[in-house]
Amino acid sequence: MPSDEDVEGPPLSRPSATVTPTQKRALVWVVLLSFALAAWVASPLWVSILLGVILAVSTHRTYDRLRRRVEKKRAPLIAALLTLGSGILVAALSAGIVFLAANELATLVAHFSSAGAGSLAGIVGERAEHVIRELGIDTQRLYEWGRSQLAAAAQYAAATAAVILRKTSFAVLGLVVTLVTMYYMLIEGQDLTRRIELISPLEPRHTRALLDEAREVGRTAFIGTLGTAAVQGVIAGVGYAILGVPHPVTWAVATALASFLPVIGTVLVWGPLAGYLLLEGHPVRAVLLVIYGIIAITSLADYVIRPRLVGKGHGHPLLTLIALLGGIEVFGLAGLVVAPIVMSVFLAAVRLYEREVRAGALPESN
């Protein structure tokens, strides 16, 4: 454990054996207040900081293996190379996703705006329009509503592009904070864990268990969940392109996003697409898409790829759904990673408390 001399800052006085309870409580309040102020100062960047921690956790095993093969003084160089590689990968993926999404959205809006020619059949096809009319729906009114929604989508796309351009500098700053956090967490993460165990009011084994839970869930959420979503998106996109689904890239991205939802997941995308192919007069393609969706998009990813990346325990489906949907609402896209960590730490704390109550170490609540 690092001593006081290892900590940067002014020298501290030696601990006194005559500290009164009031002084101890005052010190605790000072620590809590200073922590709250520090968290408030860092609040605009806390998502970037947390993502940096998650990146460090995700690459820590690789860092440890490489560090053991070189001299101790070269460990910072290993951490710097891993950090730089992660930064390039994250920047490239983010730019690629934004470019593809913007391009596909613009193409989709332009296609539907020009294809209508005043009727719903120009958008969904004559067969689909006939089925909709047979259901008793006013196709002209539905067409007008669809055109208005497309116009709103076009305006939203333009506004979103403007926001992205305005936020570019802040995004770059956030990426820098993420990578700096990742670098120092790789180098000093173990010492930080030991210090948290020392100062935490919990027993060290409880603190260690909660930290291990957060670390493991952070790794699996980042590598496993996002990796599985990416694989499902690629598999779906290949199938959509082969079977003639229009705008396969757009629907591949939608499939990847839908994969985060437990139970239903990707069926929300490839199911309606199979129905669309059926209405368009392609029953063979529709059946093939259903088979492909069940075997390749869903089963292969959920029962082969996901367990290898995440492990067998995925958490309760209801809690996973709450964490994902609530996390996106509260934290934005970062909630896809942040919310599962928060939920898992909560569940780990509850399990620890329950275990201690059963062991008789804690009183049962009335």
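A residue is called buried when its relative accessible area is under 20%, and exposed when that value is over 50%, with partly exposed in between. With that in hand, let's walk through this structure, which is a predicted model. Of the 366 residues in the protein, 28% are buried. The accessible surface comes to about 23,500 Å², and 68% of it belongs to carbon and sulfur atoms.

Next, look at the overall layout. The protein has 13 helices and 0 strands, so its pattern along the sequence is a run of α after α, as helices are picked out here as DSSP runs of at least four residues. How do the contacts spread along the chain? Among contacts with a separation of 6 or more, 67% join residues that are 24 or more positions apart.

Now let's zoom in on helix H8, which covers residues 204–242 and holds Gly-237. Is Gly-237 buried or exposed? Its relative accessibility is 14%, so Gly-237 counts as buried, because the cut-off for that label is under 20%. Leaving aside neighbours within four places in sequence, Gly-237 is in contact with Pro-248 and Ala-252. Trp-251 sits 14 residues away from Gly-237 along the chain, yet their C-alpha atoms are separated by 7.1 Å.

Pro-248 and Ala-252 turn up again when we turn to Tyr-240. Not counting residues up to four places away in sequence, Tyr-240 touches ten residues' worth of company that includes Pro-248, Trp-251, Ala-252, Trp-270 and Leu-289. Tyr-240 also belongs to the largest nonpolar core, a group of 16 residues; along with Val-245, Leu-273, Leu-289 and Ile-297, Tyr-240 touches the most other members. Helices H8, H10 (267–279) and H11 each supply at least two residues of this core. There is also a second, separate core of 9 residues, with Leu-55, Tyr-63, Met-182 and Leu-186 among them.

Helix H11 also leads us to the surface. This helix spans residues 283–310 and contains Ile-295. With a relative accessible area of 54%, Ile-295 is exposed, because that value is over the 50% cut-off. Ile-295 joins Val-284, Val-287, Leu-288, Val-290, Ile-291 and Ile-294 in making a nonpolar surface patch of about 600 Å².

Finally, how many aromatic pairs are there? The count comes to 1. Tyr-183 and Tyr-184 form this pair, with 5.1 Å from centre to centre and 80° between the planes, an edge-to-face arrangement. Tyr-184 has 45% relative accessibility, so Tyr-184 counts as partly exposed.

Terms used: Residues numbered from 1 in each chain as written. Predicted model: local features only at pLDDT ≥ 70, side-chain atom pairs only at ≥ 80, totals over all residues. Heavy atoms only, no water. Buried < 20%, exposed > 50% of the residue type's maximum accessible area, 1.4 Å probe, protein only. Contact = heavy atoms within 4.5 Å. Areas by Shrake-Rupley, 256 points an atom, 1.4 Å probe, with all protein chains shown as cover. Patch = residues over 30% accessible without salt bridge, like charges linked within 9 Å, V, L, I, M, F, W, Y side chains within 5 Å. Salt bridge = Lys/Arg side-chain N within 4 Å of Asp/Glu carboxyl O. Phe/Tyr/Trp six-rings, centres within 6.5 Å; stacked < 30°, edge-to-face > 60°. Core = buried A, V, L, I, M, F, W, Y, C linked by side-chain atoms within 4.5 Å.
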